[in-house]
Every structure is written in structure tokens, then in C-alpha cells.
Amino acid sequence: MTPNERRVALAQIAAEVSTCTACRLHEGRTRAVPGEGDSDTEVVFVGEGPGFNEDREGRPFIGRAGGLLERMLGSIGWQREDVFIANVVKCRPPDNRDPEQDEIDACAPFLRRQLEVLDPAVVVTLGRFSMAAFRPGARIGAVHGTTAPVDPASGAADALTFSMYHPAYALRSPAVERESYEDMAKVPVVLLRSRERRAVAGAAAPMITMTTTPAAAALAAPAPVAAPVIASMSAADQAADDASQLTLF
Ligand code: URA
């Protein structure tokens with residue numbers, strides 16, 4: 001897909017979201033919140049669902065939780081415009097209650113299509129509802145700050161997911177907020193790892209269709225992944241080192 005095709009496809013999904021009546025959440029919405037960001041990004045953040053401010057403006061993460069998300073992104077040198085930010089449900093649940101399973105299921109095709117278009121390398125989940133969409137059965141207290149391969153059925157064909165606490169939860173506890181900054185510091189490292197995986201998968205793909213001789217097979221062997229020279233560094237040093245090498249563009 002060209003960048004323009006991606007923009008058009010995302011706009012088409014957003015238009016469908018804005019008039020969707022697939023679940024009861026549309027009854028109480030002021031505006032649906034399809035998601036926004038860089039259509040050429042490698043990193044998608046997925047939250048739970050719009051709150052009061054998001055419902056009024058039609059934009060994700062613009063309230064207090066969004067403020068913390070932006071500060072955490074800033075701590076790794078990124079801005080919200082560098083990534084794409086979406087939610088599991090696109091309309092505000094009444095009184096900010098948790099989304100119900102049938103609402104999540106009704107909205108899931110929109111997120112799947114967004115991920116198909118964006119083809120991200122990393123899907124960062126914010127909170128347990130978003131985590132559950134990519135790591136069913138996991139417990140956020142156990143897996144936050146860790147990564148797992150994404151099931152391509154989610155729409156993201158070749159991605160790693162990285163689990164974080166929801167920023168609204170982090171705002172309630174200085175300890176969780178501190179842990180969330182530590183988790184965010186790992187995101188650039190996860191992006192590098194995912195790029196490596198995707199490069200290997202991309203290099204391996206022609207082997208399946210083109211290999212006919214042993215010599216060709218040798219030529220098509222996956223390129224060696226960069227030596228893990230940072231393996232002996234502390235996680236924090238490693239993250240800082242990776243972040244300093246890393247631009248999103
Ligand atoms: N919380 C979310 O999960 N998503 C938003 O867009 C805003 C707050």
C-alpha cells in the first residue's frame with residue numbers, strides 16, 4: 001500500500017466508525033473516536049475506549065490520561081503525532097464503565113482493519129482490555145513491560161505486542177506511574193527487535209518460492225541478526241542506548 005492509499009483507507013474506516021450503530025454504545029455518544037496519528041508509523045498504541053473529553057472532541061487520549069501518555073512518549077523522545085493511537089471500543093461507555101464483551105466484539109473489526117492498513121511492527125496495549133485483545137488470558141500485573149508475538153488474525157500481520165498499564169490507572173499510583181515510565185523506556189528496544197524479526201521474515205520469504213538449488217538456498221539464508229552487543233547492559237542503559245539510535249522515520 002502506498003502512503004496515500006493508507007491515508008485513504010484509514011479515513012474510510014474512520015467514516016464508517018463515525019456512523020456505526022453495531023452496538024448500544026452508539027446511543028450515548030457525542031462523537032465516535034476512530035483513532036488518529038501517523039498513517040506511516042511502525043507503532044500503534046491501543047487504549048480501552050473514549051472518556052468524557054474524547055467523546056466531546058472525537059479524538060483519543062486528550063484528557064488527563066492522554067497527558068500522561070504524551071509525557072511518557074516524550075520521555076523516549078517521541079510525540080503522539082509519531083505513532084497511531086486507537087482504542088478497543090470507539091464510542092464512550094456510559095459513565096466510563098468498562099466495555100462489555102459484546103461491545104468489544106462488535107467494534108473489533110474496525111481495529112483489525114486499522115491494523116491491516118497500518119501493518120505496525122509494534123502494538124503497545126494500554127490497560128487490560130486492550131492487552132486481552134492481543135494476549136488472551138494474560139494478567140497485566142504479570143506481563144506489563146513484556147512482549148509477545150501478535151496473532152496475525154488481529155490484523156497486524158507481523159508485529160510484537162508490548163503490554164503497559166493504562167495511563168489512567170498509572171495516574172492513581174506514583175508506583176504504577178514510575179513502572180509505566182520504565183515500561184515505556186523499553187518500547188524503542190521492542191521496535192528494534194520487531195524490525196529485526198520482520199527483516200528476517202522478509203529475507204526468508206523468497207526462499208520458499210525461489211529456491212531450486214543448494215547454491216540458491218545458501219544465498220537466500222536469512223541475514224544474520226545484529227549481534228546482541230547490548231545484552232550485557234542493564235535494561236535501562238539498553239533502552240537509553242537503543243532510544244538514542246532510534247528514529248521512527
Ligand atoms: N482512555 C482510553 O482508553 N482511551 C482514550 O482514548 C482515552 C482514555
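Hi everyone, this is a short walk through one predicted protein model with a ligand.

Let's start with confidence. The average pLDDT for the protein is 86, and 82% of the residues reach at least 70. The stretch to watch is residues 207–249, where pLDDT falls below 50, although the model still gives that stretch 41 contacts beyond near neighbours in sequence. Where pLDDT is low, the predicted coordinates should not be read in detail, so please keep that in mind if you plan to look at those contacts.

Now the sheet. It is open and has six strands, ordered β1-β3-β2-β4-β6-β5, with mixed pairing. At the edges sit β1 (36–37) and β5 (147–149), each pairing on one side only. Further in, β4 (residues 122–126) and β6 (residues 160–164) run parallel and are joined by five bridges. If you want a spot to zoom in on, T125 faces S163 in β6.

What about the core? The largest nonpolar core has 57 residues, and the ones touching the most other members are V44, V46, V88, V122, V123 and V124. Helix α4 (residues 101–118) is the top contributor, giving eight residues. Take V122 as an example: leaving out neighbours within four places in sequence, its contacts include V43, A159, L160, F162 and V187. The polar S194 and the charged E42 are also on V122's contact list.

Last, the ligand. Which residues are around it? They are V33, G47, E48, G49, P50, G51, E54, P60, F61, A65, N87 and A168. By type, that shell splits into six nonpolar, four polar and two charged residues.

That's my tour, thanks for listening!

Technical notes. Residues are numbered from 1 along each chain as its sequence is written. This is a predicted model: local features need pLDDT of at least 70, side-chain atom pairs count only at pLDDT 80 or more; totals for chains, interfaces and linings use all residues. A residue is near a molecule or strand if its C-beta atom, placed from the backbone, lies within 6 Å of it. pLDDT is the predictor's confidence in each residue, from 0 to 100. Two residues are in contact if their C-beta atoms, placed from the backbone, lie within 7 Å. A nonpolar core is a set of buried Ala, Val, Leu, Ile, Met, Phe, Trp, Tyr and Cys residues joined through C-beta atoms within 7 Å. A residue is buried if 20 or more other C-beta atoms lie within 10 Å of its own, exposed if 12 or fewer, and partly exposed in between; C-beta atoms are placed from the backbone. Helices (H or I, at least four residues) and strands (E, at least two) are DSSP runs, numbered from the N terminus. Two strands pair if DSSP finds at least two bridges between them.
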